[in-house]
Amino acid sequence: MDLNDYEKLLDRAYKKIPENAKKSSRFEIPKVVLRIESKNTFIVNFAKIINTLNRDARHFLGIFLKKAGTMGEIRGQQLFLKSIYKEQVLNRLIEDYTKNYVLCNVCNKPDTEIQREGKKLFLKCGACGARLEIKEK
Ligand SMILES: [Zn+2]
């Protein structure tokens, strides 16, 4: 069997995978659900989001609040933010965090953990084994 045939075979095997199986393997962060209350914003589904990211909430907040340029705190399942925010803005900040601190730069999978070494942070991937220094953006 030459390489060409092998590739065709792979191609065929992939096409046999049902459409929803392909979808469920994709990493999707829940979009923020907001409640605005007297000039403050609550991310109602924050617990769900931070569980999906599988990161320490304090680490997330340290970066997220600085980027959002506001103060905030966790209140039960929700995240309280001082000021009014639009959904798109907060979703984008969460996506940025995900790219920098959750998704592996090599294989793009979320099965990673943050490792600290002195002042440096590394993202260690459990899926492909890559270990890359995190550059703060
Ligand atoms: Zn990886």
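**Exercises on a predicted model**

The structure is a predicted model, and its largest nonpolar core has 14 residues, of which I43, F46, I49, I50, L53 and L79 touch the most other members.

**Exercise 1.** Determine which elements supply at least two residues of this core, and which element gives the largest share.

*Solution.* Step one is to list the contributors: β2 (40-43), α3 (46-53), α4 (57-68), β4 (78-82) and α5 (87-101) each provide at least two residues. Step two is to rank them: α3 gives the largest share, with four residues. As a further step, consider I49: apart from neighbours within four places in sequence, I49 is in contact with I29, P30 and I94.

**Exercise 2.** Establish the order of the strands in the sheet, and explain why β1 and β3 each have one side without a neighbour.

*Solution.* Begin with the order: the four strands make an open sheet, β1-β2-β4-β3, with antiparallel pairing. Next, locate the edges: β1 (34-37) and β3 (72-75) stand there with a single partner strand each, so one side of each lacks a neighbour in the sheet. On average, neighbouring strands are turned by 25° against each other, direction ignored. Finally, examine one pair: β3 and β4 run antiparallel and are joined by four bridges, and R75 stands opposite Q78 in β4.

**Exercise 3.** Check the length of α4 against the span expected at 1.5 Å a residue.

*Solution.* The helix α4 has twelve residues, which should span 16 Å. Its end C-alpha atoms are 15 Å apart, which agrees with that expectation. Then inspect what comes after the helix: α4 is followed by G69, whose phi is positive, near 70°.

Notes
Residues are numbered from 1 along each chain as its sequence is written. This is a predicted model: local features need pLDDT of at least 70, side-chain atom pairs count only at pLDDT 80 or more; totals for chains, interfaces and linings use all residues. A nonpolar core is a set of buried Ala, Val, Leu, Ile, Met, Phe, Trp, Tyr and Cys residues joined through C-beta atoms within 7 Å. A residue is buried if 20 or more other C-beta atoms lie within 10 Å of its own, exposed if 12 or fewer, and partly exposed in between; C-beta atoms are placed from the backbone. Two residues are in contact if their C-beta atoms, placed from the backbone, lie within 7 Å. Two strands pair if DSSP finds at least two bridges between them. Axes are lines fitted to C-alpha atoms, for helices over the stretch in contact, and angles run from 0 to 180 degrees between N-to-C directions. The expected span of a helix is 1.5 Å times one less than its number of residues.
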